[in-house]
Amino acid sequence: MRADNKGQGGIMALMALALRGSTEPRGHRAKLIVLGLIGTSLFCGEGVITPAISVLSAVEGLEVATPAFKPYVLPITIAVIVGLFLVQRRGTAAVGALFGPVMLLWFLTLAVLGIAGIVEEPRILMALNPAHALGFFAREPVLAFLALGGVVLVLTGVEALYADMGHFGRRPITLAWFGLVLPALVLNYFGQGALLMRNPEAVQSPFYMLAPDWALYPLVALSTVATIIASQAVISGAFSIAQQAIQLGYLPRMDVQHTSAREFGQIYVPSINWTLLVAVIALVFSFGSSMSLAAAYGIAVTGTMVVTTFLAYVVARQIWGWSATRARLLFLAFLVVDLTFFSANIVKIPHGGWFPLLFGVGIYLLLITWKQGRILMHARLKESALSLATFLEHLPSSTEAPRVPGTAMFLTSNPDGVPQAMLHNLKHNKVLHQRVVIVTVEVLDVPRVAAAQRVMLDRMPHDFWRVRVYFGFMDDPNLPEALEWCAEQGLELDMMDTSFFLGRETLIPKLGGRMPLWREKLFITMFRNSSTATSYFRLPPNRVVELGTQLEL
């Protein structure tokens, strides 16, 4: 939790922090990027399984009450999941006030149930002695090792806490974890262990059988609500990760909606929401029970933890200035634990563990293909671009290219070249506006950029201006709002007298290019389906002119 990027957490924020502090050669930075993208991909796999296994396991409590409910478990689970994803567009602001009290009741219930079980079988407290665990490994090394694959399930979800740090802050999460969540979980697991010591047959559902008969239905209802809230945290984390990936250039532009006027971090990404919904429903129907899903769960979580440990080591060395000995001792201890859990989960691959890995591979391919495709496309545009300095030196006379009233604003990724849209406008319309502003948007590896530091201006000959606009990877890229700060540096802009010229590239795949043909086609598909620059940068649609060009990858 200390490895935050100016208050933001999650694997993408950690990767950006590690890259900022890295002084190693380019190849080392590339390895950090690959590691970060692998961790992000595995987190996405976890994000798909968490709602499915959480809600399904809660509703399965009805079977404990009476087997008559068994045919209705899957339909009820699907209904709850669909309802959960349908309300995402409303944001968590409306129901957020209920989250705290419900989760407080949930963890207090866990603690009370656990204490009741411990009171009936106090011998379970002997489990606090690590000698029992060591003895278990000595007697049954293979069985103990395999048991770690189930043990790790008690701490799945902590990556979501890290990813949600920007929503809640480090201190509230730390206080809630050590003051309530961890003690309640330990008490409840000890209570379940005490129940199993008294009644080994309770292994089919020790959590629900820990409760008295009269409390079973209320407990199922409370469990379902608690799992919905837990799933909400994972879904919100997925939205945050997606927004960071878009801003850092690893995903195409998507519609990102802010659902709260007061809380900046509350966002909704429709395409991510519906993709998750389809994947979660498919998982529930495919696996059918939480026991089967448990076999798929764990490998993505432990894989993400391994990646987090490596990146956190780089942060400790380069950002915090730790000595190599100190950093290695601490993070080697973490790595041993993480790799042990990860190894124990590898045996789950044939029994469902393949799903989060396959899903993660798909996400990784999308991330790396989009990043490399954008680099390749920008390189192609730069090759064909005319130098802006040369263009201004040989600017045609007013008789050849008359200046018309108003301001023309051209968006480009290359601030030193003449935008393709400007060349096409000059070629076809044979005019230049009285004032020309060339805008380049850059996303920095910090969560947010202060409004007063958002723009930098260069005044050039012939009433040309070059404007650099900076956003953080958690900022809302509202370009017209950001451009209002140009007035502080001498460039007064009237949006009603400004036309935005955008280039619209039509990409053509090329055999023998820097990417395999199938990845070029994948990139082109992603490019065609990305959100337009007009909507993404909040440009007024009636002030936008798009000029197309063909580009061979």
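1. A residue is called buried here when its relative accessible area is under 20%, exposed when that value is over 50%, and partly exposed in between. In this predicted model, the term applies in helix 19 (residues 420–429), whose buried residues are Gln420, Ala421, Met422, His424, Asn425 and Leu426. An α-helix has 3.6 residues a turn, so residues three or four places apart point the same way. Helix 19 is followed by Lys430, and the phi angle of Lys430 is positive, near 60°.

2. The pairing of strand 5 (residues 455–460) with strand 6 (residues 464–471) is antiparallel and runs over 6 bridges. Within this pairing, Leu457 stands opposite Val467 of strand 6. The two strands, 5 and 6, form a hairpin with 3 residues between them, and His462, which belongs to the turn, has a positive phi of about 65°. For reading the side chains along these strands, it helps to recall that in a regular strand they alternate between the two faces of the sheet.

3. Turning to charged contacts, a search of the whole structure finds 11 salt bridges. One of them joins Glu442 to Arg468, with the closest N and O atoms 4.0 Å apart. Glu442 lies in strand 4 (residues 432–443) and Arg468 in strand 6, so this pair ties together parts that are 26 residues apart in sequence. Glu442 counts as partly exposed because its relative accessibility is 29%, a value that falls between the 20% and 50% limits.

4. The contact between Glu442 and Arg468 should be read together with its neighbours, since Asp416, Glu442, Asp458, Arg466 and Arg468 are linked in a network of salt bridges.

5. A further salt bridge is formed where the side chains of Asp475 and Arg454 meet, at 3.3 Å from N to O. Asp475 is placed in the loop between strand 6 and helix 20, while Arg454 is in the loop between strand 4 and strand 5, so the pair ties together parts that are 21 residues apart in sequence. Are these two charged residues buried or exposed? Asp475 counts as buried because its relative accessibility is 6%, and Arg454 is likewise buried, with a relative accessible area of 11%.

6. The side chains of Arg504 and Glu546 also meet in a salt bridge, with an N to O distance of 2.7 Å. Because Arg504 lies in strand 7 and Glu546 in strand 8 (residues 544–552), this pair ties together parts that are 42 residues apart in sequence. Arg504 is partly exposed, with a relative accessible area of 43%, and Glu546 is partly exposed as well, at 36%.

7. On the surface, Leu86, Val87 and Trp274 make a nonpolar patch of about 260 Å². Trp274 has its place in helix 13 (residues 270–287), and this residue counts as partly exposed because its relative accessibility is 35%.

8. Finally, Asp494 is found in the loop between helix 20 (479–483) and strand 7 (498–508), and Asp494 counts as partly exposed at 44% relative accessibility. How far apart are Asp494 and Gly135 in space, C-alpha to C-alpha? The distance between Asp494 and Gly135 is 76 Å, and the two residues are 359 residues apart in sequence.

Conventions. Residues numbered from 1 in each chain as written. Predicted model: local features only at pLDDT ≥ 70, side-chain atom pairs only at ≥ 80, totals over all residues. Heavy atoms only, no water. Pairing = 2+ DSSP bridges. Helix = DSSP H or I, 4+ residues; strand = E, 2+ residues; numbered from the N terminus. Patch = residues over 30% accessible without salt bridge, like charges linked within 9 Å, V, L, I, M, F, W, Y side chains within 5 Å. Areas by Shrake-Rupley, 256 points an atom, 1.4 Å probe, with all protein chains shown as cover. Buried < 20%, exposed > 50% of the residue type's maximum accessible area, 1.4 Å probe, protein only.
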